[in-house]
Amino acid sequence: MTDEELRDELLRRMKVDQAMRDPAKGFPGDKRLARLQKFDEGNTAWLYSVVATRGWPLISQVGARAARAAWLLAQHATSLEAQRLFREVMADAVERDEASPRDLAYLEDRVRVRSGRLQLYGTQFHGGADGLEPMPIEEPELLDERRAAVGMEPFAEYEAFIRKTAGDD
């Protein structure tokens, strides 16, 4: 697969991923959730095969938009083991300025939360007694410092955005 073919396929998969998750469609019912699960399983297997044969899709190979699409597929991966691999190879790409540190922060938190660990960047929320609330955060006093280091806004701004987007403000 050429870099151009990989770029086109990543962008195509991202477009479908986002269309399937369109908030305008409302909360997905059982049938839509089943279709989404099957779609994510297919994307997980496909991205895993890409990473196994070519490595992580780098910005210099596929462009920033398609590199972000690779992250999005990794973020929605159904297998925790695959997600851990994606995080590892994406971290190597970030070290070489070939992937977004901000995107990696989201993936790091997703893997940590799925593994029963505390998140580092405060990107993962769940429903609580008073609406959406962040999943537990490691060393919360250092949260904004960690977020700034990867180009993220202060947590209070992000939390307000999440609540507004979810209609939880």
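Val-62 counts as buried because its relative accessibility is 4%, where buried means under 20% relative accessible area, exposed over 50% and partly exposed in between (1.4 Å probe, protein chains only). The model is predicted, so local features need pLDDT of at least 70 and side-chain atom pairs count only at pLDDT 80 or more, while totals for chains, interfaces and linings use all residues. Residues are numbered from 1 along each chain as its sequence is written, and side-chain values use heavy atoms, with hydrogens and water left out.

Val-62 belongs to helix H3 (residues 59-62); helices (H or I, at least four residues) and strands (E, at least two) are DSSP runs numbered from the N terminus. Apart from neighbours within four places in sequence, Val-62 contacts Asp-3, Leu-6, Arg-7, Leu-10, Pro-57 and Ala-67, contact meaning heavy atoms within 4.5 Å. Its C-alpha atom is 9.8 Å from that of Leu-11, a residue 51 positions away along the chain.

Leu-10, one of these contacts of Val-62, also appears in the largest nonpolar core. A nonpolar core is a set of buried Ala, Val, Leu, Ile, Met, Phe, Trp, Tyr and Cys residues joined through side-chain atoms within 4.5 Å. This one has 43 residues, and those touching the most other members are Leu-10, Trp-46, Leu-47, Trp-56, Phe-86, Met-90 and Leu-107. Two or more residues each come from helices H1 (3-20), H2 (30-54), H4 (64-75), H5 (80-95), H6 (101-114) and H8 (155-165). H4 gives the most, with 8 residues. In soluble globular proteins, nonpolar side chains tend to be buried together.

Met-90 shows what such a core residue touches. Not counting residues up to four places away in sequence, its partners are Trp-56, Trp-71, Ala-99, Ser-100, Asp-103, Leu-104 and Leu-107.

A charged residue type can be buried too: Glu-108, in helix H6, counts as buried because its relative accessibility is 17%. Beyond its neighbours within four places, Glu-108 is in contact with Arg-87, Leu-120 and Tyr-121.

For the whole protein chain, the secondary structure comes to 8 helices and 2 strands, in the order α-α-α-α-α-α-β-β-α-α along the sequence. Buried residues are 41% of the 169 in the chain. Of the contacts between residues at least 6 apart in sequence, 56% join residues at least 24 apart. The C-alpha atoms fill a box of roughly 50 × 40 × 25 Å along the principal axes.
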